[in-house]
Amino acid sequence: MPNPPQKTLLGSLSNFLFGEDEPAQARKSPGKPVAPQDRGRIPLQAASLPDKLPAGTLQLIGLSGIRNQLGNEWPQRSEQIFLLVESVFKRRLDITDAYYKVDDETFLILFTRLGRQEAAFKAKVIADEIQKLAIGELPTNEIIVSSTVAEVDRSLVMQKINSLQDLVEYVRNSTAGENTEDDGVTFFHHGAEADPERNATALRVTGAGPDLADLDQSLAGLFQKKTIAAFLKECQAGFQPSFNLKRQQFTHYETTAIHTPSGRPAHSINDPFLDNPAELPFQLDRYILTTSLLGLHRMLTSNHKGVVVMPVTYETLATSKLRDVYFARLKEVPSGLTKFIGMAVHSIPAGTPASRIAEVMAYIQPFSGTRVLRVAPDFRLIDLYAGSGCHGFETWMPLDETDMAKRFQMLSSFTKRAGLHRMECILSDATSHDDVSTAVAVGFTFVLGDAVAPIIETPGYSEGLRAEHILRQAGSSPGKP
């Protein structure tokens with residue numbers, strides 16, 4: 001028996017929306033929507049549709065702006081840009097999604113099984129990737145991809161929409177404000193607020209320059225040394241929720257300090273005006289420790305649950321003078337609360353023997369119920385330190401490796417080796433949907449970062465966090481938040 005022909009994305013979507021019994025006209029050209037006059041009203045399967053049908057629209061870089069930029073080169077270059085765009089769609093869209101080229105300036109993406117937040121997240125990822133690829137084809141970088149996500153009421157689809165073409169036209173007209181009754185369509189804008197041409201032509205906003213009086217004033221004060229106390233006043237502390245991919249819930253909360261002027265993690269800042277930069281790592285450890293204990297108190301008094309994970313540098317724990325000062329504060333914590341405290345040791349010098357790591361683990365064991373080593377994504381480090389007394393290994397995306405296949409293999413080897421040693425495996429600093437998807441695919445047990453959840457003020461407060469955009473591991477079961 002010959003294999004049935006594979007359905008296109010658009011064909012699968014039409015089948016999902018309008019039922020299994022598609023008329024012959026629809027099957028003749030599955031890649032194009034069927035015009036209303038070519039088919040009668042077909043009842044939709046209400047039980048299989050969500051209450052809201054999210055439709056993500058991408059006004060691709062405002063292609064009219066690209067046409068104007070390229071001028072006479074547009075006919076020769078447009079097809080190349082379209083191919084770049086469609087290559088992104090093929091990589092990013094699931095089998096239940098579909099994209100439709102409305103005209104030379106607009107593509108419409110239909111996410112039939114995603115909620116608004118997840119659809120908006122996915123649309124932004126697609127828009128960002130298109131911008132990175134397509135901008136390389138343009139002589140300017142002032143054209144921005146804009147993305148709009150529209151939620152369409154199921155009742156609207158069932159009562160007013162006869163075909164996919166009708167749905168495309170309705171969403172498109174609603175975007176342009178042409179529908180007089182558009183209560184069934186709600187838009188959520190991203191990027192250039194669905195107006196890339198206006199954004200591209202807007203004046204750049206810059207700070208005011210010096211006035212005449214400033215020209216004669218001394219600037220020596222700008223370059224004075226800064227104390228560590230002054231640096232810490234520029235920082236803000238919070239807690240990064242860590243998502244347990246096995247239990248499908250937020251369980252651990254890693255304390256983080258952000259340098260407000262730069263927006264970067266405080267431990268990554270190399271401030272050239274610091275008075276004594278060598279002391280900063282230890283003082284940051286104390287800063288994070290105090291933040292963690294204050295957060296732990298707020299968590300317990302507000303009846304929330306979770307594990308507060310405090311990062312600490314290896315040098316602080318391995319140097320007796322620093323260690324004594326650091327542990328003095330931890331000794332104030334009642335012993336019964338250690339189950340709510342975790343410690344993640346980072347900045348481990350290359351070549352550190354396993355015996356030294358075992359000593360550090362023994363030092364922190366009385367104060368923490370969870371002990372993690374943050375190491376580079378090299379599976380050999382797991383073999384070296386697995387017997388040191390830690391519970392898991394935390395690593396990050398190997399961004400230095402540009403080959404995506406090799407990067408995937410590195411992380412896969414890392415997680416497999418952690419599994420062999422029965423260790424937890426955490427991926428930190430997940431900044432994109434790709435990072436989260438990779439973490440799920442290679443078998444990490446925890447993932448945290450801006451792409452997972454925002455930094456929050458109180459650890460354990462998971463009621464306000466959503467996880468619809470995080471894929472599930474095979475065999476995982478949903479847990480209670």
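Ser388 lies in the loop between α14 (379-385) and β12 (392-395) of this predicted model. At a relative accessibility of 8%, Ser388 counts as buried, because buried is taken to mean under 20%. A polar atom of the Ser388 side chain lies 2.7 Å from the backbone oxygen of Tyr385. If neighbours within four places in sequence are left aside, the residues in contact with Ser388 are Ala354, Ile357, Ala358, Met361 and Leu373.

Two of these contact partners, Met361 and Leu373, are also touched by Val345, whose list, again without residues up to four places away in sequence, further includes Val312, Tyr314, Leu317, Val360, Ile364, Val372 and Arg374. Val345 and Leu373, together with Tyr326, are the residues with the most contacts inside the largest nonpolar core, which has 68 residues. Helix α10 (residues 280-301) gives the most to this core, contributing 9 residues. Apart from it lies another core, of 17 residues, among which are Val88, Ile109, Phe111 and Ile130.

Tyr326 appears again among the aromatic residues, since it forms one aromatic cluster with Phe327 and Phe367. The charged end of Arg323 sits over the ring of Tyr363, at 3.9 Å from the centre of that ring. The count of aromatic pairs in the model comes to 3. In the pair made by Phe243 and Phe250, the ring centres are 5.0 Å apart and the planes stand at 70°, so the pair is edge-to-face. Both partners are buried: Phe243 has a relative accessibility of 1%, and Phe250 has a relative accessible area of 9%.

The next topic is strand β6 and its partners. Strand β6 covers residues 235-244, and 8 of its 10 residues are buried, so the strand is largely enclosed by the rest of the structure. In a regular strand, side chains alternate between the two faces of the sheet. The pairings of β6 are set out below.

| Strand paired with β6 | Sense | Bridges | Residues standing opposite |
|---|---|---|---|
| β7 (residues 249-259) | antiparallel | 10 bridges | Gly238 and Thr256 |
| β14 (residues 446-448) | antiparallel | 3 bridges | Asn244 and Phe446 |

β6 and β7 form a hairpin with 4 residues between them, and in its turn Gln248 has a positive phi of about 55°.

The segment after β14 holds Thr458. Although Thr458 and Gln240 are 218 residues apart in sequence, their C-alpha atoms are 9.8 Å apart in space. Not counting residues up to four places away in sequence, Thr458 touches Phe239, Arg298, Met299 and Ser302.

For the protein as a whole, the model contains 16 helices and 14 strands, and 47% of its 481 residues count as buried. Among the contacts with a separation of 6 or more, 69% are accounted for by residues 24 or more positions apart.

Definitions and conventions. Residues numbered from 1 in each chain as written. Predicted model: local features only at pLDDT ≥ 70, side-chain atom pairs only at ≥ 80, totals over all residues. Heavy atoms only, no water. Core = buried A, V, L, I, M, F, W, Y, C linked by side-chain atoms within 4.5 Å. Buried < 20%, exposed > 50% of the residue type's maximum accessible area, 1.4 Å probe, protein only. Helix = DSSP H or I, 4+ residues; strand = E, 2+ residues; numbered from the N terminus. Contact = heavy atoms within 4.5 Å. Phe/Tyr/Trp six-rings, centres within 6.5 Å; stacked < 30°, edge-to-face > 60°. Lys NZ or Arg CZ within 6 Å of the ring centre and 35° of its normal. Polar contact = N/O pair within 3.5 Å; in protein donor to acceptor, adjacent residues only side chain to side chain. Pairing = 2+ DSSP bridges.
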